[in-house]
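User: Hi! I would like to know how the labels on this model are earned. Could you take me through them?

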Amino acid sequence: MSCSVPHIGDNCDSMDLSDNTRGALFMMGSMTAFTLNDACMKSLSGELPLFQALLLRSIAVIAFISFMAWRAGTFRTRISRKDQMLIALRTVVEIAAAYFFISALFHMPIADVTAILQALPLTVTLAGAVFLGEAVGWKRLMAILVGFAGVMLILRPPFLFGEGSGFSIYSIYVLLAVVCVTVRDLCARRISAAVPSMTIALAAAIGVMSLGAVGSITQPWQPVSVTSIMWLAGASFFVIGGYIFSVSAMRSGEIGFVAPFRYTSLVVALILGLFLFGEWPDRLTMLGSGIVVATGLFTLYRERLTAKRQHFGLRPR
């Protein structure tokens, strides 16, 4: 039995719980896989140059996505000029995000980088209000400001914390990666639903591979050891798994319920940082991370509440 016409008070909890639980598990699997990919790429920092690692990983990812797109008949889909431009812009910022993120990952603790990335729900919400005219109430705006204060605790810029705070150029790289991913997500919102997700993902993967190919010309290639092959295989496997799980997560349950489980990545990053790299964040970083996660969860909760009120014809507040 289904509740095709929802009303306040309808009891569809058994069906929704099943779908939402499945979506939450897929999201947790996606975030875990992507963070494991990050750990594998970070482990390559002492083995291979950045661009060589990006190129080799991208080859495996493109081969898989191309096969899946071919099986799904994706290549037969006609894409409008507007969507082509949006996909191109999204691919450009995806390339920039990959460069800034991986560069920072090679030089910073994985938990610190992951914690800063958790500000994405805040930046996407703010950018949606500024550039897309989406309604954002004062409560969410306050949460965004508090969340950015948490980011500052993690970054500790010299103008606030003085010299010797641990701030570096790679801290700025993480912020630039957040900006790029925010633009990427805004582009995704504007792309027509008729465009297959495989097309978008394949364009991004080709863009990142192009970055690796061009960049590797500027760096001497290093011999690929057995250890490097293992890390590359792991990175390719996990990034593909992350993509599959993320698509499944968005197709299962309510987005407002599923999205908060993206913070699984921070927990996984803390564990991997400790056991793989001997890293553990200090108190300020942990405090900042907690603030970012708390405000992000609040923002997602308010978005879900607003969507429900609009669905039932109530005035958003």
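Analyst: Happy to! Let's begin with burial: buried means under 20% relative accessible area, exposed over 50%, and partly exposed in between, with a 1.4 Å probe and protein chains only. Helices (H or I, at least four residues) and strands (E, at least two) are DSSP runs, numbered from the N terminus. In α2, the buried residues are L50, F51, Q52, A53, L54, L55, R57, S58, V61, I62, I65 and A69. Please keep in mind that this is a predicted model, in which local features need pLDDT of at least 70 and side-chain atom pairs count only at pLDDT 80 or more, while totals for chains, interfaces and linings use all residues. Residues are numbered from 1 along each chain as its sequence is written, and side-chain values use heavy atoms, leaving out hydrogens and water.

User: How many helices and strands does the protein have?

Analyst: The protein has 13 helices and 0 strands. Of its 317 residues, 46% count as buried.

User: How do you know what span to expect for α2?

Analyst: The expected span is 1.5 Å times one less than the number of residues in the helix. Helix α2 covers residues 50–71, which is 22 residues, and reaches 32 Å from first C-alpha to last, close to the 32 Å expected. After α2 comes G73, with a positive phi near 75°.

User: What makes Y170 and Y173 an edge-to-face pair?

Analyst: Rings of Phe, Tyr and Trp (its six-membered ring) pair if their centres lie within 6.5 Å; planes under 30 degrees apart count as stacked, over 60 as edge-to-face and the rest as tilted. The structure holds 8 aromatic pairs. For Y170 and Y173, the centres are 5.4 Å apart and the planes meet at 85°, so the pair is edge-to-face. The two tyrosines are 3 residues apart in helix α8 (residues 169–190), so about one helical turn separates them.

User: Why is Y170 called partly exposed, and is Y173 buried or exposed?

Analyst: Y170 has 23% relative accessibility, so this residue counts as partly exposed. Y173 has 17%, so that residue counts as buried.

User: Why are F237 and F238 called edge-to-face?

Analyst: Their centres are 5.3 Å apart and their planes differ by 70°, so both values satisfy the criteria for an edge-to-face pair. F237 counts as exposed because its relative accessibility is 59%. F238 is at 23%, so this one is partly exposed.

User: Which residues do ring pairs link into a cluster?

Analyst: That cluster is made of F51, Y99, F100, Y170 and Y173. F51 is also among the buried residues of α2.

User: How do you know that the charged end of K42 sits over the ring of F277?

Analyst: A charge sits over a ring if NZ of Lys or CZ of Arg is within 6 Å of the ring centre and within 35 degrees of the ring normal. The charged end of K42 is 5.5 Å from the centre of the F277 ring and sits over that ring.

User: How many disulfides are there, and what makes C40 and C187 buried?

Analyst: A disulfide is a pair of cysteine sulfur atoms within 2.5 Å, and the structure holds 0 of them. C40 has 6% relative accessibility, so C40 counts as buried. C187 has 4%, so C187 is buried too.

User: Why does G290 count as partly exposed?

Analyst: G290 has 39% relative accessibility, so it falls in the partly exposed class. G290 lies in helix α13 (residues 283–311). G290 and A115 are 175 residues apart in sequence and 8.8 Å apart in space, C-alpha to C-alpha.
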